[in-house]
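Trainee: I'm new to this one, and I'd like a close look at a single part instead of a quick tour. Could you pick one helix and walk me through it and its surroundings?

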Amino acid sequence: MAFLLDLANILGGLLLAIPLLRRVPNVGGGLERFTDRVADWSWLVGIVALITAGFFFIVHLIDGHIWHFEVVGLAVGALLTWEKFTGKRILRPAGTGDPAGLSLAIAIFGVIAIIVGIEGLFTPN
């Protein structure tokens, strides 16, 4: 189950961070094509993130200490499922201009989610 949380953080982070990652030379184009294919299923990645992060949040809350993996997973899940739950679009399609404002903040959080997901793969549970 921890592996699912880490994968959801990594994949969700990729989906959220694509406005920044597409600017990386020799890598951004491939990542953008990959996220374009996966973008239709972003809500499913969000549901997985919400379920797994919620489970570990409750378990670790009972133990007395909450880890950052769960908090990031809950935020990734909330951002990816926001449109399905509220009907309002929070993730804008990648445009030609530089990301700014809310799009930039979400993209930076996506990079943080990728880092946290990779960290979770190497951290014993």
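Mentor: Sure, let's take helix α3, which covers residues 42-63. Its 22 residues, at 1.5 Å a residue, should span 32 Å, and the C-alpha atoms at its ends lie 31 Å apart, so the two values agree. Keep in mind as we go that this is a predicted model.

Just past the end of α3 sits Gly-64, and its phi is positive, at about 110°.

Now look at which parts of α3 are hidden. The buried residues are Ser-42, Val-45, Gly-46, Ala-49, Thr-52, Ala-53, Gly-54, Phe-56 and His-60. It helps to know that an α-helix has 3.6 residues a turn, so residues three or four places apart point the same way. Keep that list handy, since several of those names come back when we meet a neighbouring helix.

Not everything in α3 is tucked away, though. Val-59 belongs to α3 too, and it counts as partly exposed because its relative accessible area is 31%. If you want a sense of distance, try Val-59 and Ile-115: they are 56 residues apart along the chain, and their C-alpha atoms are separated by 23 Å.

Next, the rings. The structure holds three aromatic pairs. One of them joins Trp-41 and Trp-43, whose ring centres are 6.5 Å apart with 35° between the planes, which makes the pair tilted. Another brings together Phe-55 and Phe-56: here the centres are 5.2 Å apart and the planes stand at 70°, so this pair is edge-to-face. The angle decides it, because planes over 60 degrees apart count as edge-to-face. The two phenylalanines sit in unlike surroundings: Phe-55 is partly exposed at 41% relative accessibility, whereas Phe-56 is buried at 8%.

Trp-43 deserves a second glance. You'll find Trp-43 in α3, and with a relative accessibility of 30% it is partly exposed. Leaving out residues up to four places away in sequence, Trp-43 touches Leu-80, Thr-81 and Lys-84. Trp-43 also sits 8.0 Å from Gly-77, C-alpha to C-alpha, with their positions 34 residues apart in sequence.

Now for the neighbour I mentioned, α1. Two packed helices are described by the angle between their axes and the distance between the axes. For α1 and α3, the axes come within 9 Å and cross at roughly 140°. That angle makes α1 oblique to α3, since the cut-off for roughly antiparallel is over 145 degrees. The crossing is left-handed. On the α1 side, the contact is made by Ala-2, Leu-4, Leu-5, Ala-8, Leu-11, Gly-12 and Leu-15. Facing them from α3 are Ser-42, Val-45, Val-48, Ala-49, Thr-52, Ala-53 and Phe-56. Check that second set against the buried list: Ser-42, Val-45, Ala-49, Thr-52, Ala-53 and Phe-56 appear in both.

Since α1 is now in view, let's follow it to its other partners. Helix α1 (residues 2-21) packs against helix α4 (residues 68-86) at an angle of about 50°, with 9 Å between the axes. That makes α1 oblique to α4, and this crossing is left-handed. From α1, the residues involved are Leu-5, Ala-8, Asn-9, Gly-12, Leu-15 and Leu-16, and they meet Phe-69, Val-72, Gly-73, Val-76, Leu-79 and Leu-80 of α4. Notice Leu-80 there, because you have already met Leu-80 as a residue that Trp-43 touches.

Helix α5 comes next. The axes of α1 and α5 come within 7 Å and cross at roughly 150°, which makes the two helices roughly antiparallel. Here again the crossing is left-handed. Leu-121 is one of the residues of α5 (residues 102-122), and Leu-121 is partly exposed at 37% relative accessibility. Not counting residues up to four places away in sequence, Leu-121 touches Phe-3, Asp-6 and Ile-10. Leu-121 and Leu-7 are 114 residues apart in sequence, yet their C-alpha atoms are 8.4 Å apart in space.

Finish with Asn-9, a residue of α1. Asn-9 counts as buried because its relative accessibility is 0%. Beyond its sequence neighbours up to four places away, Asn-9 touches Phe-69, Val-72, Gly-73, Val-76, Ala-113, Ile-114, Val-116 and Gly-117.

Conventions
Residues are numbered from 1 along each chain as its sequence is written. This is a predicted model: local features need pLDDT of at least 70, side-chain atom pairs count only at pLDDT 80 or more; totals for chains, interfaces and linings use all residues. Side-chain values use heavy atoms; hydrogens and water are left out. Rings of Phe, Tyr and Trp (its six-membered ring) pair if their centres lie within 6.5 Å; planes under 30 degrees apart count as stacked, over 60 as edge-to-face and the rest as tilted. Buried means under 20% relative accessible area, exposed over 50%, partly exposed in between (1.4 Å probe, protein chains only). Helices (H or I, at least four residues) and strands (E, at least two) are DSSP runs, numbered from the N terminus. The expected span of a helix is 1.5 Å times one less than its number of residues. Axes are lines fitted to C-alpha atoms, for helices over the stretch in contact, and angles run from 0 to 180 degrees between N-to-C directions. Angles under 35 degrees count as roughly parallel, over 145 as roughly antiparallel, 65 to 115 as roughly perpendicular and the rest as oblique. A crossing is left-handed if the near helix is turned anticlockwise from the far one by less than a right angle, and right-handed if clockwise. Contact means heavy atoms within 4.5 Å.
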